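Take a look at the structure below. This report walks through its chains and then stops at a few single residues.

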Amino acid sequence: MSGSILSQGFLPQVAFIIVVGLTFCGAIIAVFHRNILYNVLGLALALAGVAALYVFLGSLFIGLMQLLIYVGAICIAMVFAIMLSRPVHLPKPKRKISKIATGVFAGLLILGVNIGVIYKTAWQPAAERKIDWSVKTIGDFLLTKYVLVFEVISLVLLVAMLGAIIISRFNGRVSS
Amino acid sequence: MEHILSNELGRLIVGLIVVLIFSQLNALFLVWLERKVAGHIQLRIGPKEVGPYGLLQTIVDGLKLVGKELITPKRADRILFIIAPVLVFVPVLVPFIVLPFSKSLPLNDMNVGLLVIFSFSTINVLAILIGGWGSNNKYALLGAIRSVAQNIAYEIPLLLSVLSVVLMTKTLQMSKIVQAQGSYWFFLIQPIAALTYFICATAETNRAPFDIPEAESELVAGFHTEFSGMRFGLFFLAEYTNVFVVCAVATTLFLGGWQGPFGFSLGIPGIIWFLAKTYLLVFVIMWFRWTFPRLRFDQLISFSWKVLIPLALANLIITAGVIKLI
């Protein structure tokens with residue numbers, strides 16, 4: 001399958017560098033650009049890049065799921081919310097120091113955890129690893145070893161739903 | 001030739017060229033077909049001047065489109081305006097990698113084939129949105145917003161109806177789904193899923209009666225109002241290629257792909273069966289367009305959320321139950 005193209009020669013190296021570059025570009029646009037629609041599109045680019053990285057890691061399935069869920073569903077839902085918000089051509093509000101500080105703090109925290117995890121993992125060369133990332137294996141893992149994580153992630157959806165309900169209830173009262 | 005095709009990269013490159021040519025020819029043919037179908041439904045005869053039966057009419061139209069000036073509106077967002085037509089066209093080519101035209105002809109018969117098609121089809125929406133927003137025109141923006149709302153609403157029942165087939169075959173691989181329909185086609189035992197899929201596919205491709213993102217009478221031309229020349233041409237090509245793709249997927253999932261009815265191939269090669277069934281479905285979609293009036297926006301959205309999604313969910317649950325019990 002795709003594994004044989006991706007695992008040999010000069011071409012995959014170049015492709016990998018391009019993918020990583022695009023992911024970083026997307027992430028930078030997502031954080032620093034002052035036009036909110038560009039932010040979302042940057043995020044979509046970064047997430048699509050991550051999907052490509054999953055393909056490099058040998059799981060086409062996860063890559064496609066990433067594309068379907070994050071680019072296809074979440075980014076589009078975000079854009080939809082933006083379309084209903086403040087017009088982009090109005091003067092932009094100044095960035096608040098407190099907001100920047102919270103953002104930087106949250107980012108650093110996640111970065112720290114990630115670095116910690118990278119150091120603690122006992123890395124193995126690709127040849128010694130088992131590369132069985134079939135849909136069945138992933139399904140088994142999600143419902144046995146990682147069932148708690150799986151359930152906690154689903155809490156995010158609950159929070160999003162509650163948020164939507166609260167916004168729609170209170171907004172109606174304020175505007176009318 | 002033999003040795004190019006045995007090499008995977010070579011096969012992909014040859015396949016890509018074939019797909020590019022095919023998608024152009026297909027779009028040209030479908031535009032011609034649409035005008036003919038429209039004509040005959042309205043008691044006209046459609047294009048007839050250029051070539052036999054007017055067959056060369058769309059080629060001439062295409063050449064005219066290529067020759068036209070590319071106009072970028074002054075206040076438009078330059079980058080997004082240029083990216084949008086490209087981004088709308090590229091993802092619709094991806095499904096051709098996995099579409100099983102015949103037993104040996106899928107370019108790359110991946111075990112996640114069905115997922116490839118649906119994960120790339122969502123990028124289309126993002127592109128429409130970029131185009132509509134980037135052209136800085138209120139009609140284009142309204143069209144884009146409608147398109148997103150519609151796509152969010154119809155993507156869910158679409159995937160649910162596809163899932164009931166996946167549950168039955170226990171695979172996402174296109175060729176295996178086709179092989180599972182050796183003795184009977186799935187639309188016989190999954191009529192609700194087939195119907196839901198077809199309705200949603202019509203909506204996903206923004207075809208009438210679900211064409212409110214580009215409703216002429218309200219929104220000029222919707223999200224591609226400001227696009228001229230071949231940029232508009234790319235939107236057009238993407239739409240017709242997309243129609244072909246959703247019909248080809250419907251053929252694969254519900255109409256037995258390259259196989260004849262009840263396992264009788266009647267000596268006709270698989271690719272002919274596949275294309276015949278796909279173009280039959282394309283014809284039905286065109287028939288819809290010239291028969292049904294356009295829906296209102298709220299009717300469209302509530303039809304999806306209140307009728308199609310519960311229906312598709314119920315169908316999925318029943319399918320799962322029946323599979324476990326039998």
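What follows covers confidence, overall build and some chosen residues.

**How sure is the predictor?**

This is a predicted model. The predictor gives the complex an ipTM of 0.76 and a pTM of 0.83. For chain A, the mean pLDDT is 80, and 84% of its residues reach 70 or more. For chain B, the mean pLDDT is 82, with 94% of its residues at 70 or more.

Which elements of chain A have the lowest and the highest mean pLDDT? Helix H1 (residues 2–6) of chain A has the lowest, 47. Helix H5 (residues 97–120) of chain A has the highest, 91. Residues 1–5 of chain A have a pLDDT below 50. Beyond near neighbours in sequence, that stretch still has 11 contacts in the model. Where pLDDT is low, the predicted coordinates should not be read in detail.

Chain B can be ranked in this way too. Its lowest mean pLDDT among elements, 50, belongs to helix H1 (residues 2–6) of chain B. Its highest, 88, belongs to helix H9 (residues 191–204) of chain B.

**The two chains**

Chain A has 7 helices and 0 strands. Read from the N terminus, its elements run α-α-α-α-α-α-α. Chain B has 13 helices and 0 strands. The radius of gyration of chain B is 20 Å, close to the 20 Å that the globule rule gives for 326 residues, so chain B is as compact as a globular protein of that length. Its C-alpha atoms fill a box of roughly 65 × 55 × 45 Å along the principal axes.

The table sets out some values for each chain.

| Chain | Buried residues | Share of contacts (separation 6 or more) that join residues 24 or more apart | Accessible surface | Share from carbon and sulfur |
|---|---|---|---|---|
| Chain A | 19% of 176 residues | 55% | about 13000 Å² | 76% |
| Chain B | 54% of 326 residues | 77% | about 14900 Å² | 72% |

What about charge in chain B? There are 23 positive and 17 negative charges. The mean positions of these two groups are 3 Å apart.

**Two buried residues in chain B**

Start with Ser23(B), which sits in helix H2 of chain B. Is Ser23(B) buried or exposed? Its relative accessibility is 1%, so Ser23(B) counts as buried. What does Ser23(B) touch, apart from residues up to four places away in sequence? Its partners are Phe89(B), Leu93(B), Leu237(B) and Thr241(B).

Now move to Thr169(B), in helix H6 of chain B. Its relative accessibility is 15%, and the cut-off for buried is under 20%, so Thr169(B) counts as buried. Leaving aside neighbours within four places in sequence, Thr169(B) is in contact with Ile177(B), Ala180(B) and Phe186(B).

**A leucine in helix H6**

Leu163(B) also has its place in helix H6 (residues 138–169) of chain B. Its relative accessible area is 40%. Partly exposed lies between the buried limit of 20% and the exposed limit of 50%, which is why Leu163(B) counts as partly exposed.

Where does Leu316(B) come in? Leu163(B) and Leu316(B) are 153 residues apart along the chain. Their C-alpha atoms are separated by 7.2 Å.

**Two residues with positive phi**

Most residues other than glycine have a negative phi. Two residues of chain B go the other way.

Leu43(B) has a positive phi, near 60 degrees, and is not a glycine. Where is Leu43(B) found? Its place is the loop between helix H2 (8–41) and helix H3 (57–67) of chain B. Its relative accessibility is 80%, so Leu43(B) counts as exposed.

Lys170(B) is the next case. Its phi is positive, about 55 degrees, although Lys170(B) is not a glycine. Lys170(B) lies in the loop between H6 and helix H7 (174–179) of chain B. Is Lys170(B) buried or exposed? At 64% relative accessibility, Lys170(B) counts as exposed.

**Looking back**

Keep three points in mind. Chain A and chain B have helices and 0 strands. Ser23(B), at 1% relative accessibility, is buried. Leu43(B), at 80%, is exposed.

Notes. Residues numbered from 1 in each chain as written. Chains lettered and ligands numbered in written order. Predicted model: local features only at pLDDT ≥ 70, side-chain atom pairs only at ≥ 80, totals over all residues. Heavy atoms only, no water. Helix = DSSP H or I, 4+ residues; strand = E, 2+ residues; numbered from the N terminus. Rg over C-alpha atoms; globule rule 2.2 N^0.38 Å. Buried < 20%, exposed > 50% of the residue type's maximum accessible area, 1.4 Å probe, protein only. Contact = heavy atoms within 4.5 Å. Areas by Shrake-Rupley, 256 points an atom, 1.4 Å probe, with all protein chains shown as cover. Lys, Arg positive; Asp, Glu negative; His and termini not counted. Charge placed at Lys NZ, Arg CZ, Asp CG, Glu CD. pLDDT = per-residue confidence, 0-100.
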